[in-house]
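Hi there,

Here is the structure I promised to pass on to you. Have a look at it first, and my notes follow underneath.

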Amino acid sequence: MDALLNTNILGNELVRWILALGVAALALIVFSVLRRWIRQRVKTLAERTATVWDDALSEALASVHGLTLTVIALWIGSRFLTLEPTLD
C-alpha cells in the first residue's frame with residue numbers, strides 16, 4: 001500500500017494528489033454553502049429595503065456559476081502540489 005501511495009505522478013506522490021483533490025472538494029463544498037447562505041441573506045434584505053444596490057448584489061451572487069467555483073476550488077487544491085511551469 002505504501003508503494004502505491006508513493007507512486008510519482010507528474011512530480012508528486014499519489015498521496016499529495018489525493019490531498020489536493022480532497023482540499024479542492026472541501027473548498028467547493030464550502031463555496032457552495034457560503035454562496036447559498038449569503039445569497040439568501042442578501043435576498044431577504046433586498047426584499048425589505050427599497051435600495052437598488054442590494055438587488056444588484058443579489059443578482060450578481062445568483063449569476064456566479066458552479067464552474068467558476070469549481071475552477072477556483074481546483075486552483076486552491078493545486079496549491080498543495082509541486083507543479084512545474086512546463087512539461088518536458
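**What turned up**

Leu61 counts as buried, because its relative accessibility is 18% and the cut-off for buried is under 20%. This residue lies in helix 3. Leaving aside residues up to four places away in sequence, Leu61 touches Arg35, Ile38, Arg39 and Val42. For one of these, Ile38, the C-alpha atom is separated from that of Leu61 by 8.2 Å, with the two positions 23 residues apart along the chain.

Before going further, a word on confidence: please keep in mind that this is a predicted model. The protein chain averages a pLDDT of 87, and 98% of the residues score at least 70. Taken by element, helix 4 (residues 66–78) has the highest mean pLDDT, 95, while helix 1 (residues 2–5) has the lowest, 75. As a general caution, predicted coordinates should not be read in detail where pLDDT is low.

Back to helix 3, which spans residues 53–62 and also holds Leu57. Leu57 is partly exposed, since its relative accessibility is 35%. Its C-alpha lies 8.9 Å from the C-alpha of Ala46, and the two residues are 11 apart in sequence.

Ile38 comes up again on the surface. Together with Leu26, Val30, Leu34 and Trp37, Ile38 forms a nonpolar patch, and the five have about 470 Å² of accessible area together. One of the members, Leu34, is found in helix 2, which covers residues 14–48. Leu34 is classed as partly exposed because its relative accessible area is 42%, which lies between the limits of 20% for buried and 50% for exposed.

The other region I would like to show you is the stretch around the two strands. Asn8 lies in strand 1 and is exposed, with a relative accessible area of 54%. The side chain of Asn8 reaches two backbone nitrogens: that of Gly11 at 3.0 Å and that of Asn12 at 3.2 Å.

Leu10 sits in the loop between strand 1 (8–9) and strand 2. You may want to look at its backbone, as Leu10 has a positive phi of about 50 degrees although it is not a glycine. Leu10 counts as exposed, because its relative accessibility is 56%.

Then there is Asn12, in strand 2 (residues 12–13). Is Asn12 buried or exposed? Asn12 is buried, because its relative accessibility is 3% and anything under 20% counts as buried. The side chain of Asn12 reaches the backbone nitrogen of Thr82 at 2.9 Å. Thr82 is also among the residues that Asn12 touches, along with Thr7, Trp17, Leu81 and Leu83, again not counting residues up to four places away in sequence.

So there are two asparagines here whose side chains reach backbone nitrogens: Asn8, which is exposed and reaches Gly11 and Asn12, and Asn12, which is buried and reaches Thr82.

That is what I have for now. Happy browsing!

Best wishes

Conventions
Residues numbered from 1 in each chain as written. Predicted model: local features only at pLDDT ≥ 70, side-chain atom pairs only at ≥ 80, totals over all residues. Heavy atoms only, no water. Patch = residues over 30% accessible without salt bridge, like charges linked within 9 Å, V, L, I, M, F, W, Y side chains within 5 Å. Areas by Shrake-Rupley, 256 points an atom, 1.4 Å probe, with all protein chains shown as cover. Salt bridge = Lys/Arg side-chain N within 4 Å of Asp/Glu carboxyl O. Helix = DSSP H or I, 4+ residues; strand = E, 2+ residues; numbered from the N terminus. Buried < 20%, exposed > 50% of the residue type's maximum accessible area, 1.4 Å probe, protein only. Polar contact = N/O pair within 3.5 Å; in protein donor to acceptor, adjacent residues only side chain to side chain. Contact = heavy atoms within 4.5 Å. pLDDT = per-residue confidence, 0-100.
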